[in-house]
Every structure is written in structure tokens, then in C-alpha cells.
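Hello,

Here is the structure I promised to hand over. Please open it first, then read the notes below.

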Amino acid sequence: MLLYESDKYDLALLQLSDKAYCPVIRSAPSDNLKYGETLYTIGNPVGLHHVVTSGVFSGYLKLETVEMIQTDAPINPGNSGGPLINKKGEGYGINTIIIKKTEGIGFAIPIEMAINEFDL
């Protein structure tokens, strides 16, 4: 069930009826990221299921008014909206965009922005 939508960040907050089939990812402060730290994306790109890719934290980039997390972990179509996590499974961000005609330049919304947007 859809609870809230955020046009500002192109996000939606959903409530699932069966918690037994929905694992929870703990959040971690995105300002704790260290350059070169290994990060993972999870998603369902191009109709594939449960795809995990890896890369490193490359820095922050301010896009319009949002400071985004930059990674070279592949964010393919279908990974948008999925988590950007570390090896402990802690969520730093939500995979959002790539820069077209490049490889290995992707961005995630810091998890704190989603938490604040939905007042969680």
C-alpha cells in the first residue's frame, strides 16, 4: 500500500502487508563513508532478479540542491530505488541516477534525506 510520495526526490514510501517476506536494512550515516569504501547496489535491472553489483565510494556531488553519494558501483536501469549498502548490509543511500554516456558514475540519495522526507 502506498503511504507517501515525494516528488522532490522521486521516492515513494510503501507499506507491505506481510513482514515475514520483507527483510529490513539498517541505515548508516552517509557522512561516515570513507573514500574507496566498497559499496553494493541491489536491484532488478533489465528484468533480472536479485542482482548485486559492487564498486567504491567516490565522493559527494551536489546536484541542484541535493548532495548525492557518488559511486562507481553500476546502477543499471532497474536498480533505481534499490539500496546502496556496505559489506555489513547497512544502507547509506537509495540508488537514483547515472550520468548517460559514461560508465561507473552513479549517484544515490543519502538515506538521511529519505528518512527526513518521510519523517521516519
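Start at strand β3, where G43 sits. G43 is buried, because its relative accessible area of 9% falls under the 20% cut-off. Its contacts beyond four places in sequence are H49, H50, V51, G78 and N79. S80 is 37 residues away from G43 in sequence. In space, the two C-alpha atoms are 7.3 Å apart.

A word on confidence before going on. This is a predicted model. The mean pLDDT of the protein is 87. At least 70 is reached by 98% of the residues. Among the elements, β6 has the highest mean, 95. The lowest mean belongs to β1, at 80. As a general caution, predicted coordinates should not be read in detail where pLDDT is low.

**T41, also in β3**

T41 lies in strand β3 too. Is T41 buried or exposed? T41 is buried, because its relative accessible area is 0% and buried means under 20%. Two polar partners stand out in my notes. The T41 side chain makes a polar contact with the side chain of T53, at 2.3 Å. A polar atom of the T41 side chain also lies 3.1 Å from the backbone oxygen of P74.

The wider surroundings of T41 leave out residues up to four places away in sequence. T41 touches V51, V52 and T53, among others. Its contacts also include A73, P74 and I75. N79, P83, L84 and N95 are on the list as well.

**Two neighbours in β4**

Strand β4 covers residues 51-63, and F57 is found there. V56 is in strand β4 as well. How exposed is each one? F57 is buried, with a relative accessible area of 1%. V56 is partly exposed, at 28%.

Now their contacts, again leaving aside residues within four places in sequence. F57 touches L33, K34, Y35, G36, E37 and L39. F57 also touches I69, Q70 and T71. V56 is in contact with G36, E37, T38 and L39. Q70, T71, D72 and A73 complete the V56 list.

Two C-alpha distances help to place this pair. F57 and G93 are 36 residues apart along the chain, and 11 Å separates their C-alpha atoms. V56 and G78 are 22 residues apart in sequence, with 20 Å between their C-alpha atoms.

**The loop between β3 and β4**

Which residues here have a positive phi without being glycine? V46 is one of them, with a phi of about 40 degrees. H50 is another, with a phi near 55 degrees. In general, most residues other than glycine have a negative phi. V46 is in the loop between β3 and β4. H50 is in that loop too. V46 is exposed, with a relative accessible area of 68%. H50 is exposed as well, at 72%. H50 is also one of the residues that G43 touches.

**The salt bridge**

How many salt bridges are there? The count is 1. E90 forms a salt bridge with R26, and the closest N and O atoms are 3.9 Å apart. The pair links distant parts of the chain, 64 residues apart. E90 is in the loop between β6 (83-85) and β7 (91-98). R26 is in the loop between β2 (11-14) and β3 (38-43). In general, side chains of opposite charge can pair when their charged atoms come close.

The two partners fall into separate classes of exposure. E90 counts as buried, because its relative accessible area of 16% is under 20%. R26 counts as exposed, because its 52% is over 50%.

**The start of the chain**

M1, L3 and Y4 make a nonpolar surface patch of about 350 Å². M1 is in the segment before β1 (2-6). M1 is exposed, with a relative accessible area of 64%. Keep in mind that β1 is the element with the lowest mean pLDDT, 80.

**Where to look first**

Try T41 and its polar contact with T53. Then find E90 and R26, the salt-bridge pair. Finish with V46 and its positive phi.

Best wishes

Conventions:
Residues numbered from 1 in each chain as written. Heavy atoms only, no water. Patch = residues over 30% accessible without salt bridge, like charges linked within 9 Å, V, L, I, M, F, W, Y side chains within 5 Å. Areas by Shrake-Rupley, 256 points an atom, 1.4 Å probe, with all protein chains shown as cover. Salt bridge = Lys/Arg side-chain N within 4 Å of Asp/Glu carboxyl O. Helix = DSSP H or I, 4+ residues; strand = E, 2+ residues; numbered from the N terminus. Buried < 20%, exposed > 50% of the residue type's maximum accessible area, 1.4 Å probe, protein only. Polar contact = N/O pair within 3.5 Å; in protein donor to acceptor, adjacent residues only side chain to side chain. Contact = heavy atoms within 4.5 Å. pLDDT = per-residue confidence, 0-100.
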